[in-house]
Amino acid sequence: NKITITNDKGRLTKEDIDRMVNDAEKYKNEDEEQKNRIGAKNSLESYSFNMKSTMEEMKDKVSEEDKKVVLDKCTDVINWLDSNQLADKEEFEHKQKELEGVCNPIVTKLYAQNGGAPGGGAPGGMPGGMPNFGGAGAGGAAPGAGSGGSGPTIEEVD
């Protein structure tokens, strides 16, 4: 994006315009860091809620013990998110890797027991199986929003 500041009415001095352009450049990096931090937070939050939803939808196909492990960890992460809204991007990413470390083996076992997910996926939506929420996003998508480009993306709007 390129910002153009014009002085049609003669209200801004050359110094004012230069200051505004310099301020825009100065805050560009901070804005990018904030965007990445919010993307990581949204990715973690989305993954947590998606895993809770998946466990509820698949409750008859997953053991009570596995379901409890995933739901407890998701609840812990959601509570952590509520009290750490201003955490760093790295903290959100670390929490997501922690959560994935708990959830991925259980989801893998779930799909292995049920003959995999090709074509069908989970009842109620997740066609083609569980999306990979880890890793970096593509283009303007939030990190973890998927790299296939065929699903929804998360954008922060002020």
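Select Thr 54 to begin the tour of this predicted model: the residue sits in helix H1, and with a relative accessible area of 1% it is buried. Keep Thr 54 displayed and add Val 70, which follows 16 residues further along the chain; the C-alpha atoms of the two are separated by 9.9 Å.

Val 70 leads on to the nonpolar interior. Select Leu 44, Met 51, Met 55, Val 70, Phe 92 and Leu 99, which, of the 21 residues in the largest nonpolar core, touch the most other members. If you then colour by helix, you will find that H1, helix H2 (64-83) and helix H3 (89-113) each supply at least two residues of this core, and that H3 gives the most to it, with seven residues. As background to this stop, nonpolar side chains in soluble globular proteins tend to be buried together.

From the core, turn to the charged side chains, of which the structure pairs some in eight salt bridges. Select Glu 98 and Lys 73, whose side chains meet in a salt bridge with an N to O distance of 2.9 Å. Because Glu 98 lies in helix H3 and Lys 73 in helix H2, this pair ties together parts that are 25 residues apart in sequence. The two partners differ in their cover: Glu 98 is partly exposed, with a relative accessible area of 29%, whereas Lys 73, at 19% relative accessibility, counts as buried, the cut-off for that class being under 20%.

Next, select Asp 16, Arg 19 and Asp 23, which salt bridges with shared partners join into one network. Which side chains does Arg 19 meet here? On one side there is Asp 16, in a salt bridge of 3.8 Å, N to O; these two residues are three apart in helix H1 and therefore separated by about one helical turn. Arg 19 also meets Asp 23, at 3.9 Å, N to O, and since this pair is four residues apart in helix H1, about one helical turn separates it too. Arg 19 is partly exposed, with a relative accessible area of 44%, and so are Asp 16 at 24% and Asp 23 at 27%.

For the last stop, stay with helix H1, which covers residues 14-57, and select Glu 33 within it. Is Glu 33 buried or exposed? Its relative accessible area is 56%, so Glu 33 is exposed. Extend the selection to Glu 30, Asp 31 and Glu 32, and you will see that, together with Glu 33, they gather in a patch of negative charge on the surface.

Key:
Residues numbered from 1 in each chain as written. Predicted model: local features only at pLDDT ≥ 70, side-chain atom pairs only at ≥ 80, totals over all residues. Heavy atoms only, no water. Patch = residues over 30% accessible without salt bridge, like charges linked within 9 Å, V, L, I, M, F, W, Y side chains within 5 Å. Areas by Shrake-Rupley, 256 points an atom, 1.4 Å probe, with all protein chains shown as cover. Salt bridge = Lys/Arg side-chain N within 4 Å of Asp/Glu carboxyl O. Lys, Arg positive; Asp, Glu negative; His and termini not counted. Charge placed at Lys NZ, Arg CZ, Asp CG, Glu CD. Buried < 20%, exposed > 50% of the residue type's maximum accessible area, 1.4 Å probe, protein only. Core = buried A, V, L, I, M, F, W, Y, C linked by side-chain atoms within 4.5 Å.
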